[in-house]
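Visitor: Hi, I'm new to this one. Could you walk me through how some of its helices pack?

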Amino acid sequence: MVSDLNIPTHQLPRPISWLNTLLILSDSQAASTSSKVTSLKSVKNPHLVINFLKQTGFDNTQMKKLVSRAPKLLIRDVSNTLKPKLRCLMDLGLSVSDLVNVIAKDPHIIGRGLATRLRPTIDFLMTTLVSDENVVKALKRFPWLLSFGALGIMETNLLLLRNYGVPDVRIKKLLLRNPTYFAQKPEWIKGLLHRVENDFQVPRDSPSFLYGFQALSWQKKSTLDRKFGIFKSFGWSDDDILHMFRKLPYCVGLSEVRIQEKLNFFMKELGFESAYLVSHPAILSYSLDKRGWYLGCKS
């Protein structure tokens, strides 16, 4: 171990050497890590950081992973920066292994201010997701939530969804499953919501409203136009397509190839009328690889 923590700068051992010693890193790992910490003037702080991590419960493998992915961790102040930040996250319910994975996925978290970024983000998530358990679940899946630099955008998008009548319980599910929506420009979100309500005539209180919003978000207008063109080539009207969308928006999420295959099978091979498929759009979601189910479709 490093015996003298106050070695004069001109007598400092090579960073690769003390990184080898502190964390048992390979030469290549130590070289890569030390090259990213150019402001290091003493081995004292890395030693304090490693000791703190050990005391917190990190084992050597976890510390190696953490320092390799977030080398600037070694120059952070333990008492004023690392300890309160890690404590804040662990108080939520994140375990040591959770912390390692979260920070390894997004090392920028360590550089974010506790009072200016981390706590406000956690408070927002807690208000929306209701429980510590849900917040932990969201952070484990999407660590970037803690380093995202525009919390105001997320708050604005949440309010837009609420103003369009999306229930809180469904907003919570959306935030847990795909928080990327909340990080988009509010103008884009507002435009999508407008299209669902006005262009596709889905009422705000319809269970399909949020699904329609998601279905439209996946694809460009030119892609949708091509898909609608396929439906029309089989004799569908604009009203047919809109009616189908209102009942099951997922149908327009199918690829152009799949839409063509399914319409060909159901309408040309089985002889289904478009009116029947419009009224029973779930049929279009069925797999064509297991076709025994269709025998009772028209009974």
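Guide: Happy to; we'll go through two helix pairs, one after the other. This is a predicted model, where local features need pLDDT of at least 70 and side-chain atom pairs count only at pLDDT 80 or more, while totals for chains, interfaces and linings use all residues. Residues are numbered from 1 along each chain as its sequence is written, and side-chain values use heavy atoms, leaving out hydrogens and water.

Visitor: At what angle do α4 and α6 pack?
Guide: Helix α4 (residues 60–69) and helix α6 (residues 96–105) pack at about 20 degrees, and their axes are 9 Å apart. Helices here are DSSP runs (H or I, at least four residues), numbered from the N terminus. Axes are lines fitted to C-alpha atoms over the stretch in contact, with angles from 0 to 180 degrees between N-to-C directions.

Visitor: How are α4 and α6 oriented to each other, then?
Guide: They are therefore roughly parallel (angles under 35 degrees).

Visitor: Which residues of α4 meet α6?
Guide: Gln62, Lys65, Leu66 and Arg69 do, and their partners in α6 include Val96, Val100 and Ile103. Contact means heavy atoms within 4.5 Å.

Visitor: New topic: how far apart are the axes of α7 and α8?
Guide: The axes of helix α7 (residues 114–129) and helix α8 (residues 132–141) are 8 Å apart, at an angle of about 120 degrees. The two are therefore oblique to each other (neither under 35, nor over 145, nor 65 to 115 degrees).

Visitor: And what touches what there?
Guide: From α7, Leu125, Met126 and Leu129 meet Asp132, Asn134, Val135, Ala138 and Leu139 in α8.
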